[in-house]
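User: I would like to go through this model by asking what justifies each label that is put on it. Please set the values against the criteria as we go.

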Amino acid sequence: MAKLYNDILHYIFQKLNNDGSSLLSCLLVNKQWCELVIPTLWKCPLKYFEINNDYLISKRKRILLNIILTHLSEKSKQLLIFHNINIYGGFLSVFQIVLLEQEIYKLFVSECSNIRYLDLGEVRHAIYLFPGAEICLLNLNEVDCKSCLETSLFYGMAHICKLIEKIYIEFKYDNIGLAQLIKSQKRIKYIKVEEITNEEREKDDIVKALEEHADSIIYLNLSIQKTFSYILFPKFVNLQTLILSERMYVENEIMMMNLSAATYPKLQILELEYISIHIAIKIIQNTGGNLWKIKIRTIKITHSREYIQAIYKNCPYIKYASIYLNNQNLDELEIFLTKCQHLEAIDVIVIKGDDKLKSCKFLDLLLKSAPNNLYKIHIDYRYFSIKSLKKFFNNWKDKKTLHLYDHTSNWNSLINKYNMKGVVGHIDCRGFWDDDNSTGIIWNDK
């Protein structure tokens, strides 16, 4: 029973992971709570610096540094004293700073036997050379890195680390060392790449290394420019999540060809930004019916009717979906609502044109055909009259409580102003895409 009690408390404290004030209060309850809260607080202490107060940030950093310095070994302290380094303040030369940093690295490597996450972009020394690195880094599971880092750092990590499953890459230059680190892993499952250059590369060692893990990768998040090797897309056959942003905002024939040819039978989540609706349709049609979330943001809106058809014909379990709407495809919306009985949320983007949206007809379709699970709608309230909204809300009252969102219009303010009952208005779109029953991929510090 005591073990179960501890497990429940641990779960609660994990949910409070980003609420430092609440965790501090829990810390003071009793010894048992204190022992459970401490590991949560120390899991990522730097996140408590994410505040808009320079004085408080500086104070917290000094406190954290002092705590770390008190744990230095006597040998390290004597070495620093020998070199006239005052660890609690004062001016330090470049040599003294480097020496102090090395002793702190040595402390962490020797004392931390199970590091799971490492941001290599913040590593200023050859961490793999410190005594105990073989144990410290052995179970490393997640890495953030930049392709412009020293090749030797990646080679050194590759000799020790074999269990990395999750990797974030800021991709500017090709790096054979990073390619070797990727190749050395037993099973990479989660990839996030942000391409920050549009210059042509002579080599693609990193891309070739990723290709070797194509069968095991289930999560792919790419923010890319024109230089990425699009030929890889059809090879990720076991993808469950595909998030893709084409940052050049232009149609790329090679990308279109490879994405259109790709088959993703296990895909569950699809998010596309600045990718054409035509490509989205092809991807949806080539999935195995497991998609439950489709989020699309594009500039040029075409084929909206075919897009809606692709969803209701190929996604029987869809719960969250972006829909492009105008008066010409309201009939397809009715079919969509009727067939997609698992639907919980619709993200409605109204296609601007010559005709004003028949908003009353849209609301009537929701009342007539919306599945019982639907409770979230993302749409601009400026398409509706106050009278039509009040009528709609009154007729909706026997269904699930409706939550309304938009990224430009404040539903919360509107509903409070006109005292509308039975619905919940949100100030913006935050929380709309959150699904309570799914476990999303969280990237540290990104």
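Analyst: Accessible areas here come from the Shrake-Rupley method with a 1.4 Å probe. On that basis the accessible surface of the protein, which is a predicted model, comes to about 23,800 Å², and 53% of this belongs to carbon and sulfur atoms. Of the 446 residues, 48% count as buried.

User: Why is Glu103 called buried, and why is Lys106 called partly exposed?

Analyst: Buried means under 20% relative accessible area, exposed means over 50%, and partly exposed lies in between. Glu103 has a relative accessible area of 4%, so Glu103 is buried, whereas Lys106, with 34%, falls in the range between the two limits and is therefore partly exposed.

User: What makes the contact of Lys106 and Glu103 a salt bridge?

Analyst: The criterion asks for a side-chain nitrogen of Lys or Arg within 4 Å of a carboxyl oxygen of Asp or Glu. The side chains of Lys106 and Glu103 meet at 3.3 Å, N to O, so the pair satisfies the criterion. The two residues are three apart in helix α6 (residues 94-111), which means that about one helical turn separates them.

User: How do you know that Arg382 and Asp380 form a salt bridge, and which of the two counts as exposed?

Analyst: Their closest N and O atoms are 2.7 Å apart, and because the limit is 4 Å, the pair qualifies. Arg382, at 58% relative accessibility, counts as exposed because this value is over 50%, while Asp380, at 13%, counts as buried because this value is under 20%. By this rule the count comes to twelve salt bridges.

User: What makes Ile67 eligible for the nonpolar patch on the surface?

Analyst: A patch residue needs over 30% relative accessible area, and Ile67, which lies in helix α4, has 33%, so Ile67 passes this cut-off. The patch is formed by Ile38, Trp42, Ile63 and Ile67, with about 330 Å² of accessible area together, and α3 (31-43) and α4 (54-70) each supply at least two of its residues.

User: Which residues have the most contacts inside the largest nonpolar core, and what does Phe336 touch?

Analyst: The largest nonpolar core has 109 residues, and those with the most contacts inside it are Leu120 and Phe336. Helix α12 (residues 277-285) gives the most to this core, with six residues. Leaving aside residues up to four places away in sequence, Phe336 touches Ile308, Ile311, Tyr312, Ala321, Ile323, Leu343 and Ile346.

Conventions:
Residues are numbered from 1 along each chain as its sequence is written. This is a predicted model: local features need pLDDT of at least 70, side-chain atom pairs count only at pLDDT 80 or more; totals for chains, interfaces and linings use all residues. Side-chain values use heavy atoms; hydrogens and water are left out. A nonpolar core is a set of buried Ala, Val, Leu, Ile, Met, Phe, Trp, Tyr and Cys residues joined through side-chain atoms within 4.5 Å. Buried means under 20% relative accessible area, exposed over 50%, partly exposed in between (1.4 Å probe, protein chains only). Helices (H or I, at least four residues) and strands (E, at least two) are DSSP runs, numbered from the N terminus. Contact means heavy atoms within 4.5 Å. Patches are made of residues with over 30% relative accessible area and no salt bridge: like charges are joined within 9 Å, nonpolar side chains (Val, Leu, Ile, Met, Phe, Trp, Tyr) within 5 Å.
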